[in-house]
Amino acid sequence: MPGSPAAPAEPTPAAPTALNDTAASEPSARGPWWTLWWVRVLAVYVGARVVTTAIMLAFAAGEGKNAWTSASPDYFTFANIWDGRWYEIVAGFGYPATLPMSDGVHVSENAWAFMPGYPGVVDAVMFVTRLSWPYAAVLVSVLAGAGAALVFHRLLRRVGLDASTSLFAVVLFCVAPVSPLFQVAYAESLYLLLLVTALLLLVERRYGWLFPVVLAMAFTRPSGLAFALALGLHVVYRWVRRRSDPFPVRERVLSVALTAFSGLAGLAWPAIAAVATGSWTAYTDTELAWRAPYIGYKHLVPFAPWFQGADWWSSAMLGIPGWIGVMALVVIVALYAVLLFSPAVRRLGVDLRFWVAAYSLYLFAVFFPQSSTFRLLMPLFPLLGALALPRSRVYRAAMVVLFVALQAGWVAICWSIDGYDWSPP
């Protein structure tokens, strides 16, 4: 925060050619193979997946017969429920040319809410390996999650965090409360791999390489507009600091073009849905269908959903006046904004904070808070770098235990099905 004597100065990004210095700075770079940074990261990831698998199997064993599975399903069946079934429908049947209606007036839930990137990759893996959907979908998610963990470690080292902090941030990344998504039929693993790669390229200022990554992200999860905002902030920041940190003409042109490209990529899928169905609001109407059970059918008004949610959760679920929920939301948002200027978060560098701020603003503008919000917070993973800064062993052990416990809580509340389940992941 301004005026805080403890706040460190913003790190100045080095030229892309200096990135090779990071690899040389790893203390284990010349030691035995089991001390190599990537071996440690993969060991952490595999260990975390073993723990999560045990949690998932424990809940699967107690699962009753439901709309997706029989009682006590095997792991791969259990890992392919909820949105996994929608992605399987996209891979097998594509998208409806006519939007389904729930009451002849309002659009009901349908496949247009699920982008083709993840099911397309799974379909390709099925073709090459001859695996069926449940196995191929989990395989893609697990491998993409491993890749995301590796690149996340490199990203944190690149922004200046030491090896111990970077590795512990990876630990938190791998055991996070929603980390079961790394091994189920959801697009999050693939998207996080693309996103962390994009953030690394942005920090390195490799704008040309970002174009295909940004395009792939835009067709995997809806966040192209958020990334465009982060890029816009990056461009403005570089322009303001051009005297102390040169901003060559070539980089200006590329970065501005990339910002516009990301914005167009973010609008591409809604435009495709509009052309394919003949309804210019096909995508937003489809997305709004998922919040209709909470607040009914309403038009999308930017920045209204969270206030609608605060009112609904307060009055309908907690039985207290809606204004109390709204005031609580305002306080939480204000504290979160202050957090972004805290010394710990500033250690992440300006570009990662631009992304965190841009994506947070995007979520606040368009999404309705419900049980899937926990999953939608996953792209804020750079903040784990700040959470990993304390070096106390007691603190770190406690954080791992807490995160694993929250995993079990998330599976119980959001993934496991208990009769009529209104809390999807």
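**Aromatic rings in the predicted model**

Visitor: Is Trp 313 buried or exposed, or in between?
Guide: Relative accessible area decides this: under 20% is buried, over 50% exposed, and in between is partly exposed (1.4 Å probe, protein chains only). For Trp 313 the area is 25%, so the term is partly exposed.

This is a predicted model, where local features need pLDDT of at least 70, side-chain atom pairs count only at pLDDT 80 or more, and totals for chains, interfaces and linings use all residues. Residues are numbered from 1 along each chain as its sequence is written, and side-chain values use heavy atoms, with hydrogens and water left out.

Visitor: How many aromatic pairs are there?
Guide: Rings of Phe, Tyr and Trp (its six-membered ring) pair if their centres lie within 6.5 Å; planes under 30 degrees apart are stacked, over 60 edge-to-face, and the rest tilted. The count by this rule is 34.

Visitor: Which term fits the pair of Tyr 95 and Trp 112?
Guide: The ring centres of Tyr 95 and Trp 112 are 4.6 Å apart. Their planes stand at 25°, so the pair is stacked.

Visitor: Which term, buried or partly exposed, fits Trp 112?
Guide: Tyr 95 has a relative accessible area of 23% and is partly exposed. Trp 112 has a relative accessible area of 4%, so the term is buried.

Visitor: Over which ring does the charged end of Arg 242 sit?
Guide: A charge sits over a ring if NZ of Lys or CZ of Arg is within 6 Å of the ring centre and within 35 degrees of the ring normal. For Arg 242 the distance to the centre is 3.8 Å, and the ring is that of Trp 239.
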